[in-house]
Amino acid sequence: MLVPTGVLLGVLVLWELIWRVFSVPQFVVPLPSGILVETWQWRGYLLWHGWVTLYETLGGFALSIAVGTPLAVMIVYSPTLRRAVYPLLVVTQSVPKVAIAPVLLLLLGAGQTSKIVVAFLVAFFPIVVDTATGLAATPPELLDLSRSYRASAFKTFMKVRFPMALPFFFSGLKVAVTLSVIGAVVGEFVGSDQGLGYVIVSATSYWKSNLAFAAMLLLAVMAIGLFALVELAERLVCPWFAFSRERADEGVRL
Amino acid sequence: MIELAAVSKTYRSRHGEAVRAVEDVTLDVKEKEFVSLVGPSGCGKSTLLKLVSGLTPVTRGAIRIRGQEVREPFPDVGFVFQSAVLLPWRTVVDNVLFSIEMLGGSRHEHRDRAQALIELAGLAGFERKYPWELSGGMQQRVAICRALVHDPSILLMDEPFGALDGAPRPAGARARRRAATAAHGRHGVHAGLQGAERRGPEPHLHAGEPCAPQLRTGSAPCWCRRACCSACSCSGS
């Protein structure tokens, strides 16, 4: 933790120094100190728009869990559905979301719903893929065991397959939550009068790059915070996995 | 008690060709008998266990248990696999009681039995530990308890002591042969539990020919130290 913090501080100091020595115009790329001052001055404004983006992000994230998880279960349990749905999923993923966003805005209006849907479309795919991979990775011995006890498919799912897939599910969530932030901002870029995406677009069009950078800073903090929350949830829900990973890490660490 | 009459199993491989996994095995296992299947890997030992447990249907022949033909999986069987495959989110005692839960029995009524088995396996004091806090051998003993907690009359063990014995053999020696064990009866169960400490399951069968597990029942413990014994877990000489 100490080393990356030091490197980051070093880069910021270097940035500040070079800018001051060569007197780069502030509206091109602002100074780190200028960004911090700007963030503080506009804190109420930024927090309000940040709240809007957070709401859209969480909405999209929740929707992608609600849709992605059952979809993964269906794909794993039904070969017919897998054949029917999987190619469609891949198609939806191969169309760039930035290209879909304007169409969605036409369909759903410029309100928050369209941003939530864009965030959902960006985020649900890793949840589906990772959860499906986890469900398919159940040790065959455990499935044999369940079968020999004549346990129902539902019981086997609840007591064996789903808990076994939880670490995969969470790695899908970690990717999805950061993608949700991107989705929400993309939605705001395309057409919105609120949210941090809107702040960045409007600030840059008025050459207020300090404010644009402040919004980016807040977005980064938000994405990191959400990621950390998912990681915390993972630790609480499947501590055995966090433990085995720490053990693996110890081997890597010097 | 377990009767195999000319049992054959043919798989269809992905390329559509037939793979004979087990061919024409006839065997009669009596109550409280402990039988080991010995043969090189890929000769159909595991398949035979799956057939006996009803997890896989036979292609030809018939398997009868107490005179009843096996057509589907039945719960009167305990399974131990090569690796422990415990559930990492459950403690030792909860892993043992997993069998009871899956069978729809009452956890409460089986708690004492689970505890007794855990003590028998030398795991007293580890009841509340998680699998990742145990060694590989201890995990395997938990798996054996899990296979016994519902008091099955047949215990099927597929190379269960792989994690327990691990005696290194000289490199370049005969390909290490692995043993799949089918045991049944409470007596056999016991022998299985302690077999690890006593170097090899006691009544012992041998085989050598590749591609068809050969079976021979015997009553003498395998203390012989002949070349053929490289097949079993006792260190023969």
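Is Trp207(A) buried or exposed? Trp207(A) is exposed, since its relative accessible area is 60% and the bar for that label is over 50%. Bear in mind that this is a predicted model.

**Chain A, the helical one**

Let's stay with Trp207(A) for a moment. This residue sits in the loop that links helix H9 (196–205) to helix H10 (209–237) of chain A. Its phi is positive, near 60 degrees, even though Trp207(A) isn't a glycine.

Zooming out, chain A has 11 helices and zero strands, so the pattern along the sequence is simply α-α-α-α-α-α-α-α-α-α-α. Of its 254 residues, 42% count as buried. Take the contacts in chain A between residues at least 6 apart in sequence: 75% of them join residues at least 24 apart.

Thr39(A) shows what one of those buried spots looks like. You'll find Thr39(A) in helix H2 (residues 32–41) of chain A. Its relative accessibility is 17%, so Thr39(A) counts as buried, the cut-off being under 20%. Leaving aside residues up to four places away in sequence, Thr39(A) touches Leu46(A), Ala214(A) and Leu217(A). Leu217(A) is 178 residues away from Thr39(A) along the chain, yet their C-alpha atoms are separated by 8.6 Å.

**Helix H7 of chain A and its neighbours**

Which residues are buried in helix H7 (residues 140–148) of chain A? They are Leu142(A), Asp144(A), Leu145(A), Ser146(A) and Ser148(A). Within chain A, the buried residues of H7(A) pack against helix H8 (153–190). They also pack against parts of chain B, namely helix H1 (45–53), strand S6 (77–80), helix H3 (98–103) and helix H5 (136–148). After H7(A) comes Arg150(A), with a positive phi near 55 degrees.

**Where the two chains meet**

Chain B puts 25 residues into the contact and chain A puts in 20 residues. Between them the chains bury about 2200 Å², and carbon and sulfur atoms give 69% of that area. On the chain B side, Trp89(B), Met102(B) and Trp132(B) supply 33% of the area buried against chain A, more than any other three residues.

There's a polar side to the contact as well. Three salt bridges turn up across the interface of chain B and chain A. Lys159(A) forms a salt bridge with Glu101(B), and the closest N and O atoms there are 2.8 Å apart. Six residue pairs are in polar contact across the interface, with both residues at pLDDT 80 or more. On the side of chain B that touches chain A, the elements giving two or more residues are S6 and H3 of chain B. H3(B) gives the most, with five residues. That side of chain B divides into 16 nonpolar, four polar and five charged residues.

**The sheet in chain B**

Chain B has an open sheet of four strands in the order S2-S1-S4-S5, with antiparallel pairing. S2 and strand S5 (68–69) of chain B stand at the edges with a single partner strand each, so one side of each has no neighbour in the sheet. As a general point, strands of a sheet pair through backbone hydrogen bonds, either parallel or antiparallel.

Two of the strand pairings in chain B look like this:

| Strand pair | Sense | Bridges | Residues opposite each other |
|---|---|---|---|
| S1(B) (residues 2–12) and S2(B) (residues 18–29) | antiparallel | eight bridges | Tyr11(B) and Val19(B) |
| S1(B) and S4(B) (residues 60–65) | antiparallel | five bridges | Ile2(B) and Ile65(B) |

What do S1(B) and S2(B) form? They make a hairpin with five residues between the strands, and Gly16(B) in the turn has a positive phi of about 90 degrees.

**One more positive phi**

Asp151(B) also has a positive phi, about 55 degrees, although Asp151(B) is not a glycine. Where is Asp151(B) found? Its place is the loop between H5 and strand S7 (154–157) of chain B. With 35% relative accessibility, Asp151(B) counts as partly exposed.

Definitions and conventions:
Residues are numbered from 1 along each chain as its sequence is written. Chains are lettered from A and ligands numbered from 1 in the order in which they are written. This is a predicted model: local features need pLDDT of at least 70, side-chain atom pairs count only at pLDDT 80 or more; totals for chains, interfaces and linings use all residues. Side-chain values use heavy atoms; hydrogens and water are left out. Buried means under 20% relative accessible area, exposed over 50%, partly exposed in between (1.4 Å probe, protein chains only). Contact means heavy atoms within 4.5 Å. Buried area is the accessible area (1.4 Å probe) that two parts lose on being put together, summed over both. A salt bridge is a side-chain nitrogen of Lys or Arg within 4 Å of a carboxyl oxygen of Asp or Glu. A polar contact is a pair of N or O atoms within 3.5 Å; within protein, one must be able to donate a hydrogen and the other to accept it, and residues adjacent in sequence count only if both atoms are side-chain atoms. Ala, Val, Leu, Ile, Met, Phe, Trp, Tyr, Cys and Pro count as nonpolar, Asp, Glu, Lys and Arg as charged, and the others, Gly among them, as polar. Two strands pair if DSSP finds at least two bridges between them.
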